[in-house]
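Notebook open, coffee poured. I'm going through this one contact by contact and jotting down what I look up.

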Amino acid sequence: MSLDYALNRFKLLSGLDDCECESWLSVIREAVVYVRKLVDYDNLSAEEQSCVENAAGVYAFYQFACASYNRESSFSAGDLSVKYSSDVLQHAKAMWEEEQKSLSVLSKQIDSSFVFERM
């Protein structure tokens, strides 16, 4: 699986530049490995593999959002008050959930409703 597609998707979503993304490369690599395990990657078409690679970028962004925005919602220091928005984390989670739905179509699933019947 190409790390480039996942990295480009991560950059688009996070807004980080190349230098800032370098510190997140290990997270992106882990996302690629994780997402690849969710589907039968070797038996997918090139177009489907591209979708999987982009999904890995979304998952990496979700991990980034969890790490970056999972902190105190606000703090004060004297007259200065800072309040964080959790909207980014909520959007990242929603995006990943949509990607999971898309991946479920690509994943190799066994139909458990199949039953042999005697006629």
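Which backbone nitrogen does the side chain of Ser14 reach? I looked, and the Ser14 side chain gets to the backbone nitrogen of Leu16, at 3.2 Å. Note to self before going on: this is a predicted model.

**Entry 1: around Ser14.** Ser14 sits in helix 1. I checked its exposure: the relative accessible area is 17%, and since the cut-off for buried is under 20%, Ser14 counts as buried. I then listed its contacts, skipping neighbours within four places in sequence, and got Phe61 and Phe64.

**Entry 2: salt bridges.** How many salt bridges does a search of the whole structure find? I got four. I wrote down three pairs, starting with Arg9 and Glu99, whose closest N and O atoms are 3.5 Å apart. Arg9 belongs to helix 1 (residues 3-14) and Glu99 to helix 5 (residues 87-106), so this pair ties together parts that are 90 residues apart in sequence. I looked up the exposure of both partners. Arg9 is partly exposed at 23% relative accessible area, while Glu99 is buried at 15%.

Next I took Lys11, which meets Asp18 in a salt bridge at 2.4 Å, N to O. Lys11 comes out as partly exposed, with 22% relative accessibility.

Then I went to Glu98 and Lys101, whose side chains form a salt bridge at 3.3 Å, N to O. Both are in helix 5, three residues apart, which is about one turn of the helix. Why does that spacing suit a side-chain pair that points the same way? An α-helix has 3.6 residues a turn, so residues three or four places apart point the same way. On exposure, Glu98 is partly exposed at 46% relative accessible area, and Lys101 is exposed at 51%.

**Entry 3: helix 5, side by side.** I ran the length check on helix 5. Its 20 residues reach 29 Å from first C-alpha to last, close to the 28 Å expected at 1.5 Å a residue.

Which residues of helix 5 are buried? My list reads Ala92, Trp96, Glu99, Leu103 and Leu106. They cover an arc of only 60° around the axis, which puts them on the same side of helix 5. On the other side I found Gln90, His91, Lys101 and Val105 exposed. So much for Lys101, which had already come up as exposed at 51%. I also asked what the buried residues pack against, and the answer was helix 1, helix 3 and helix 4.

**Entry 4: the core.** I pulled up the largest nonpolar core, which has 28 residues. Within this core, Phe10, Val35, Val39, Val52, Trp96 and Leu103 touch the most other members. Helix 1, helix 3 (25-38), helix 4 (46-69) and helix 5 each supply at least two residues. Which helix gives the largest share? That is helix 4, with ten residues. For background, nonpolar side chains tend to be buried together in soluble globular proteins.

I finished with Leu103, again leaving out neighbours within four places in sequence. Leu103 is in contact with Val35, Leu38, Val39, Val52, Ala55 and Trp96. Of those contacts, Val35, Val39, Val52 and Trp96 are also on the list of core residues that touch the most other members.

Note on methods. Residues are numbered from 1 along each chain as its sequence is written. This is a predicted model: local features need pLDDT of at least 70, side-chain atom pairs count only at pLDDT 80 or more; totals for chains, interfaces and linings use all residues. Side-chain values use heavy atoms; hydrogens and water are left out. Helices (H or I, at least four residues) and strands (E, at least two) are DSSP runs, numbered from the N terminus. Buried means under 20% relative accessible area, exposed over 50%, partly exposed in between (1.4 Å probe, protein chains only). A nonpolar core is a set of buried Ala, Val, Leu, Ile, Met, Phe, Trp, Tyr and Cys residues joined through side-chain atoms within 4.5 Å. Contact means heavy atoms within 4.5 Å. The expected span of a helix is 1.5 Å times one less than its number of residues. The arc is that of the directions from the helix axis to the C-beta atoms. A polar contact is a pair of N or O atoms within 3.5 Å; within protein, one must be able to donate a hydrogen and the other to accept it, and residues adjacent in sequence count only if both atoms are side-chain atoms.
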